[in-house]
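User: Hi! I'm new to this one. Could you walk me through it?
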Amino acid sequence: MSYRIVITGAGGQVGRFLAAQAGSRGLDVLALTSSKWDITDADAAGRFVAPGDVVVNCAAYTAVDGAETEPERAHAVNAAGPGHIARVCAKAGARLIHISTDYVFSGQFDGAPRPYDIDDPTGPLSVYGKTKLAGEQAVHAALPEAHVVRTSWVYTGVGSDFVAVMRRLAAGEGPVKVVVDQVGSPTYVGDLVAALLQIADRPAAPPLLHVANEGAASRFEQARAVFEGVGADPQRVQPVATEDMPRPAARPPYSALSTRDLTAAGLTPPRPWRDALTEALANATGEGNK
Ligand SMILES: NC(=O)c1ccc[n+]([C@@H]2O[C@H](COP(=O)([O-])OP(=O)(O)OC[C@H]3O[C@@H](n4cnc5c(N)ncnc54)[C@H](OP(=O)(O)O)[C@@H]3O)[C@@H](O)[C@H]2O)c1
């Protein structure tokens, strides 16, 4: 299937990886950073989107704590911006894949927690989560067949994401405190991008999907797995409660995502999170301690 893939937020961790992977698969790629395409500019999409394109919106205001004090900016990027893109895609006859988040869920359960399915009720706790949910709604209001892809705890292993930070701490000494009461689905960017490219190839893929590595882990467990993976002593990672490490934005205590809907749609669900982490650490080590 031949199409051009147009990527917003191409300077971010997902956008960069997607542009590289799409390019290496021989796709025609137009990758635009925020300086080229500011998605809050309602007219900008019209300058870049052509009929038949597959637009992947990787642009977002992702500073979860910062959104608490910049709600208008977060809304402009996470809710209004995706709406502008969806309207232009609808008019141009282009497809849209829009990325959303596990933070649209509250993580509060009456009984035992279980991974969220696509039709579970949302209930974001933070400004970031609320604006991302509003973005999902704006996209589907303008283009009901757009693919909204919720993912969670995305990492590359290099730069400043959680796994990269843990790698650096593992190389040092002494104890490292990590929250034990936030549980989610750690997701390797390479596996997310593979699923995005599969969805790009499938116009009939469902309008709402969860893409995350299989399984659930607390941040504490994830950190210990990183230490183990790089040959450091995992016992150095010590559990701490969220209430002892207060942050401006509330995080869901449990936000693992079920990929049952992906399997049902004939798409390939990402592998278990520990397998993905092993590969990510090998790749990150190969790139040096960035
Ligand atoms: N990372 C995670 O753990 C995670 C988890 C769940 C969902 N997601 C979702 O995954 C998607 C990709 O996130 P990411 O992890 O790649 O985040 P990221 O590394 O922070 O990248 C976001 C990109 O969006 C760009 N951006 C911000 N405002 C923009 C605007 N007005 N117009 C155009 N571009 C703009 C940023 O550019 P500048 O730096 O130039 O501002 C940045 O390059 C987002 O939808 C995010 O909500 C991420």
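Analyst: Happy to; we can start with the chain and then turn to the ligand. Keep in mind that this is a predicted model.

User: What does UniProt list for residues 4-283?
Analyst: An unreviewed UniProt entry gives "domain: RmlD-like substrate binding" for that stretch.

User: And how much of residues 4-283 is helix, and how much strand?
Analyst: Helix makes up 38% and strand 16% over residues 4-283. The C-alpha atoms at the two ends of this stretch are 28 Å apart.

User: Okay, now the ligand. How many residues surround it?
Analyst: There are 25 around the ligand, and the closest are Ser34, Asp38, Thr62, Tyr128 and Lys132. By class, that shell has eleven nonpolar, eleven polar and three charged residues.

User: Which helices and strands supply at least two residues of the shell?
Analyst: Those are α1 (13-24), α4 (71-92), β4 (95-101) and α5 (127-142). The largest share comes from β4, with three residues.

User: Which backbone atoms lie 3.0 Å or 3.2 Å from an oxygen atom of the ligand?
Analyst: A backbone N or O atom of Gly12 lies 3.0 Å from a ligand oxygen. For Ile99, a backbone N or O atom is 3.2 Å from an oxygen atom of the ligand.

User: What about Gln13 and the ligand?
Analyst: Gln13 uses its side chain: a polar atom there lies 2.9 Å from a nitrogen atom of the ligand.

User: How much of the ligand does the protein bury?
Analyst: The protein buries 77% of the 900 Å² that the ligand exposes when taken alone.

Definitions and conventions
Residues numbered from 1 in each chain as written. Predicted model: local features only at pLDDT ≥ 70, side-chain atom pairs only at ≥ 80, totals over all residues. Heavy atoms only, no water. UniProt positions renumbered as here; feature names shortened; annotations may be inferred. Helix = DSSP H or I, 4+ residues; strand = E, 2+ residues; numbered from the N terminus. Near = heavy atom within 4 Å. Polar contact = N/O pair within 3.5 Å; in protein donor to acceptor, adjacent residues only side chain to side chain. Areas by Shrake-Rupley, 256 points an atom, 1.4 Å probe, with all protein chains shown as cover. Nonpolar A, V, L, I, M, F, W, Y, C, P; charged D, E, K, R; others polar.
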